[in-house]
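Visitor: Before we examine the model together, please show me the sequence and the structure. I should then like to ask about individual sites.

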Amino acid sequence: MTLETLNKKKPQVSIIIPTYNESQNIVNVLKSIGDIIPKNILTQAIVVDDNSPDGTGKIVEDYLKNVKKIAGYTVDIIHRTTKNGLSSAILSGIQRASGETIVVMDSDLSHPPQIIPKMIEALKQYQCDMVIASRYITGGKINGWNKKRKLISKVATVIAKKGLDIKTNDPMSGFFAFRKGILKGLKFDALGYKILLEILVKKRGISVKEIPYTFQNRTLGSSKLDSSIIVDYVKSVWKLYHSDKPEKSNEKRNSVKFISKAGRFYTIGATGFAINYLISIIFSGGVTEIWYLHANILGIIASMTSNFLLNKWWTFRDRNFSFKKTISQFSKFIIFSSFGALIQLGVVFSLVDNYDWVYTTALAIGVLTGAFSNFVLNKKWTFNEKLWQ
Ligand code: GDD
Ligand code: MN
């Protein structure tokens, strides 16, 4: 096959390489990819440059004009007019990509191109949808980061794993390969740096394999990750958290659903009681000696708040924590809880006074009835659920 016919065929692998001020690195990256790509797989590199002030875009254009073509390897460049963020640059690249396999990598030589053939091989070998080059599995490493940067990365990883229930060990990796088909139907928010995380949350069904690599901190140019990106990160986790579907329950029987929700509601009520009791004790004696009634008020406020939040999140699986909605639900919750307290008083009073029940038994019945009315009212009016489901 001649070079021309080979390069006219559709590439099988597209490598997306976002650049912003990488004039000192980009040519080396493009060259080393050319050195390592398997010759039997048509590969296309797509540089996505955001009009870098240091002339990265122009350097790539010159490279394309002057450099001898490598068989099976083409390089494209997308010029965007402004710096629009890493995720959105990667998306622009993906839109242009013709390959069925997409590889995403940084352009500062932090991601060794030698790993790319291994990723492509692993996609085939394990028949999986995505391969992530990982720093946080056995064999993976980070070279050249200071303690602070390591800590930030670790914390961000823990937040993603615990908060978003992600099983992958390095969901913050910027180095990964996947089959383009998995993006079908996916709507990106493309906020900040975290495109991989977004895919992992929104496409939970895909099969993922991680392979270890050594992340090498850049030696030339400077990192674009600053505090605004950390803020973006927190925002995007928050957003992903809320767009994530609440756990699906397969239970269809309304009676079971009703009883399990009531069970959760009562359990939370019990924790609320414990919180109320502890806080009232701690604040009235011991460290801060404040008036016991004030301490008790603190206890009530704390337990009402925790009861509300836990019920919202756990009992009713409501993930909409927007300020307006939460406050309006909280007010209703307090009103209905006070109403429940009145019912409790009424029941205790009438049982003791009219029917001569022992106080302790009457109290137990009173608490249960009050809590039941709380449950029903909050279910229907605070969390807008049907009564029986
Ligand atoms: N086009 C474009 N537009 N490219 C950008 C932009 C942008 O707004 N911001 C950053 N880039 C490019 C950089 O030129 C670089 O190639 C790559 O994206 C990563 O940016 P760095 O500034 O080098 O990021 P880092 O090394 O601090 O962060 C790396 O590690 C993180 C994990 O801790 C990256 O790999 C991240 O993706 C990764 O999450
Ligand atoms: Mn970097």
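Guide: A polar contact is a pair of N or O atoms within 3.5 Å; within protein, one must be able to donate a hydrogen and the other to accept it, and residues adjacent in sequence count only if both atoms are side-chain atoms. This is a predicted model, in which local features need pLDDT of at least 70 and side-chain atom pairs count only at pLDDT 80 or more, while totals for chains, interfaces and linings use all residues. Residues are numbered from 1 along each chain as its sequence is written, chains are lettered from A and ligands numbered from 1 in the order in which they are written, and side-chain values use heavy atoms, with hydrogens and water left out.

Visitor: At what distance does a polar side-chain atom of Arg218 lie from an oxygen atom of ligand 1?
Guide: The side chain of Asp106 has an N or O atom 2.4 Å from an oxygen atom of ligand 1. For Lys224 the polar atom belongs to the backbone, and an oxygen atom of the ligand is 2.5 Å away. For Arg218, a polar side-chain atom is separated from a ligand oxygen by 2.8 Å.

Visitor: How much of the accessible area of ligand 1 does the protein cover?
Guide: Accessible areas come from the Shrake-Rupley method with a 1.4 Å probe; for residues, only the protein chains shown count as cover. The polar partners of ligand 1 include the side chain of Asp106. On its own, ligand 1 has 740 Å² of accessible area, and the share covered by the protein is 97%.

Visitor: Which residues come nearest to ligand 1?
Guide: A residue is near a molecule or strand if one of its heavy atoms lies within 4 Å of it. Strand 1 (13–19) and helix 4 (86–96) each give at least two residues to the shell around the ligand; helices (H or I, at least four residues) and strands (E, at least two) are DSSP runs, numbered from the N terminus. Among the 26 residues around ligand 1, those that come nearest are Glu22, Asp106, Ser107, Lys194 and Lys224.

Visitor: With which residue does Lys224 form a salt bridge?
Guide: A salt bridge is a side-chain nitrogen of Lys or Arg within 4 Å of a carboxyl oxygen of Asp or Glu, and the structure holds 15 of them. In the bridge of Lys224, the closest N and O atoms are 3.2 Å apart, and the partner is Glu22. Lys224 lies in the loop between strand 9 (214–216) and helix 8 (227–243), and its partner in the loop between strand 1 and helix 2 (26–36), so the pair ties together parts that are 202 residues apart in sequence. The residue asked for is Glu22.

Visitor: Is Lys58, the partner of Asp62 in a salt bridge, buried or exposed?
Guide: Buried means under 20% relative accessible area, exposed over 50%, partly exposed in between (1.4 Å probe, protein chains only). Asp62 and Lys58 both lie in helix 3, four residues apart, about one turn of the helix, and their closest N and O atoms are 3.1 Å apart. Asp62 counts as partly exposed because its relative accessible area is 26%. Lys58 has a relative accessibility of 55% and therefore counts as exposed.

Visitor: Where does Asp170 lie, and with which side chain does the side chain of Asp170 make a polar contact?
Guide: Asp170 is found in the loop between helix 6 (147–163) and strand 7 (176–179). Asp170 is classed as buried because its relative accessible area is 0%. At 2.8 Å, its side chain makes a polar contact with the side chain of Arg135.

Visitor: The side chain of Tyr73 reaches the backbone oxygen of which residue?
Guide: Tyr73 has its place in strand 3 and counts as buried because its relative accessibility is 5%. Its C-alpha atom is separated by 6.1 Å from that of Leu42, 31 residues apart along the chain. At 2.9 Å, the side chain of Tyr73 reaches the backbone oxygen of Leu30.

Visitor: What is the phi of Asn384?
Guide: Most residues other than glycine have a negative phi. Asn384 is in the segment after helix 12 (359–382) and counts as exposed because its relative accessibility is 56%. Although Asn384 is not a glycine, its phi is positive, at about 50 degrees.
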